[in-house]
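Biologist: Could you take me through a close look at one single part of this model, step by step? I am new to this, so please explain the terms as you go.

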Amino acid sequence: MGRLLFFALLAVVAFWVIRGYTRALKKRQEEAHRERSSLEGEDMVRCIHCGVHLPRSESITSEGNFFCSDEHRRLHLKP
């Protein structure tokens with residue numbers, strides 16, 4: 001009975017070690033991917049109203065034009 005408990009405990013410890021190792025590998029891969037993508041950068045766009053350049057993800061798009069803020073979008077579209 002003692003041997004059975006020993007091997008069961010050994011299996012649980014091995015499982016934890018393997019799981020921790022695979023998690024660490026996955027975390028390192030994700031960090032490397034983030035680092036590569038931050039070095040690559042992002043497309044920059046120009047606000048049609050004031051000319052400021054900003055990342056595409058932070059811009060506001062309206063009618064195919066890019067704006068740095070909702071206020072500039074409203075001012076530009078105002079007749």
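**A close look at S62**

Modeller: Happy to! S62 is buried, because its relative accessible area is 12% (buried means under 20%, exposed over 50% and partly exposed in between, with a 1.4 Å probe and protein chains only). Please keep in mind that this is a predicted model, where local features need pLDDT of at least 70 and side-chain atom pairs count only at pLDDT 80 or more, while totals for chains, interfaces and linings use all residues. Residues are numbered from 1 along each chain as its sequence is written, and side-chain values use heavy atoms, leaving out hydrogens and water.

Now find strand β3, which covers residues 60-62 and is home to S62 (strands are DSSP runs of E with at least two residues, helices are runs of H or I with at least four, and both are numbered from the N terminus). Which residues does S62 touch, leaving aside its neighbours within four places in sequence? They are F67, R73 and L77, where contact means heavy atoms within 4.5 Å. Finally, look from S62 to H49: these two are 13 residues apart along the chain, and their C-alpha atoms are separated by 12 Å.
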